[in-house]
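Student: I have a model open and would like to understand the labels people attach to it. Could we go through them one by one?

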Amino acid sequence: MSNQIIKDLEKLASNLAFDKGLEIVALKLNPNIKPMIVQVQIRQKNGLDVSLDDCALFSTPLGEAIEFSEVLNSPYVLEISSPGLSEVIETDREFETFKGFPIEVVL
C-alpha cells in the first residue's frame, strides 16, 4: 500500500477531526487483512477524555468522507478509538489519574 494513500487518509481525517474539535493521534492501515483495516486514534483538543459516543460520531462522517474521496478502492473496516494511556506517565493529568497506585522508577 502506498505511503501516498496513508498521507491522503491522514489529511482527510485531520481536516474532519479539526471541524469536530478532535485531533488525530495515529492512523494505521493494515492492508494484509481482507478486508483491510483502517485504525484511527483520536483525542479531544480540549484535553477531555474521548468517549464511545465521540468515536461513533466521528466514524460515520469519516467513513462517508473516505467513500466520497475514493482514496481507498477496496473493502475496508474503519476502527475509531482513543489512544488510551501509555505505561509512561508524561502529563499532570496522567499523574492525577494514577495517583496512589504503585509505580516503578527507572533511571
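Tutor: Gladly! Let's begin with helix α1, where N3, K7, K11, F18 and D19 are exposed on one side. Keep in mind that this is a predicted model.

Student: What makes N3, K7, K11, F18 and D19 count as exposed?

Tutor: The label needs a relative accessible area over 50%. N3, K7, K11, F18 and D19 carry that label, whereas L9, A13, L16 and A17 of α1 are buried, a word kept for values under 20%.

Student: How do you know that the buried residues of α1 line one face of the helix?

Tutor: Look down the axis of α1: the buried residues fall within an arc of 100°, so they line one face. The elements covering them include β1 and α2.

Student: How do you know that the length of α1 agrees with what is expected of a helix?

Tutor: The expected span is 1.5 Å times one less than the number of residues. For the 17 residues of α1 (residues 3-19) that gives 24 Å, and the end C-alpha atoms are 25 Å apart, so the two agree. Helix α2 passes a similar check: its 18 residues reach 26 Å from first C-alpha to last, close to the 26 Å expected.

Student: Which residues of α2 are buried, and what do they pack against?

Tutor: D54, C55, F58, P61, L62, G63, A65 and I66 are buried in α2. The buried residues of α2 pack against α1, β1, β2 and β3. Take P61 as an example: leaving aside neighbours within four places in sequence, P61 is in contact with L16 and K20. The C-alpha atoms of P61 and A13 are separated by 9.5 Å, with their places 48 residues apart along the chain.

Student: On to the strands. Why are β1 and β2 called a pair?

Tutor: Pairing asks for at least two bridges. Strand β1 (residues 22-30) and strand β2 (residues 36-44) are joined by 8 bridges, so they qualify, and they run antiparallel. You can find A26 opposite Q41 and L22 opposite Q44. A hairpin of 5 residues links β1 to β2.

Student: What makes the pairing in the sheet mixed?

Tutor: β1 and β2 run antiparallel, while β2 and β3 run parallel and are joined by 6 bridges. In the β2 to β3 pairing, Q39 stands opposite E79. The open sheet has 3 strands in the order β1-β2-β3.

Student: Why are β1 and β3 called edge strands?

Tutor: Each of β1 and β3 (76-81) has a single partner strand, so one side of each is left without a neighbour in the sheet. Neighbouring strands are turned by 20° against each other on average, direction ignored.

Student: Which residues of β3 are on the covered face, and which on the uncovered one?

Tutor: Y76, L78 and I80 make up the covered face, and V77, E79 and S81 the uncovered one. In a regular strand the side chains alternate between the two faces of the sheet. As for the helix lying across the sheet, α2 (residues 52-69) lies across β1, β2 and β3, and runs at about 145° to β3.

Student: Why is the contact between E23 and R43 called a salt bridge?

Tutor: The cut-off is 4 Å between the side-chain nitrogen and the carboxyl oxygen, and this pair has 3.0 Å from N to O, so the name applies. The pair links β1 to β2, with E23 and R43 20 residues apart. A search of the whole structure finds 1 salt bridge.

Student: How do you know that E23 and R43 are partly exposed?

Tutor: The band between buried and exposed runs from 20% to 50%. E23 has 33% and R43 has 41%, so both belong in it.

Student: What makes E70 and the bond from K34 to P35 worth a look?

Tutor: Most residues other than glycine have a negative phi, and most peptide bonds are trans. E70 has a positive phi of about 60° although it is not a glycine, and E70 sits in the loop between α2 and β3. At 64% relative accessibility, E70 is over the 50% cut-off, so it counts as exposed. The bond from K34 to P35 is cis, with omega near -5°, and P35 lies in the loop between β1 and β2.

Key. Residues are numbered from 1 along each chain as its sequence is written. This is a predicted model: local features need pLDDT of at least 70, side-chain atom pairs count only at pLDDT 80 or more; totals for chains, interfaces and linings use all residues. Side-chain values use heavy atoms; hydrogens and water are left out. Helices (H or I, at least four residues) and strands (E, at least two) are DSSP runs, numbered from the N terminus. Buried means under 20% relative accessible area, exposed over 50%, partly exposed in between (1.4 Å probe, protein chains only). Axes are lines fitted to C-alpha atoms, for helices over the stretch in contact, and angles run from 0 to 180 degrees between N-to-C directions. Contact means heavy atoms within 4.5 Å. The arc is that of the directions from the helix axis to the C-beta atoms.
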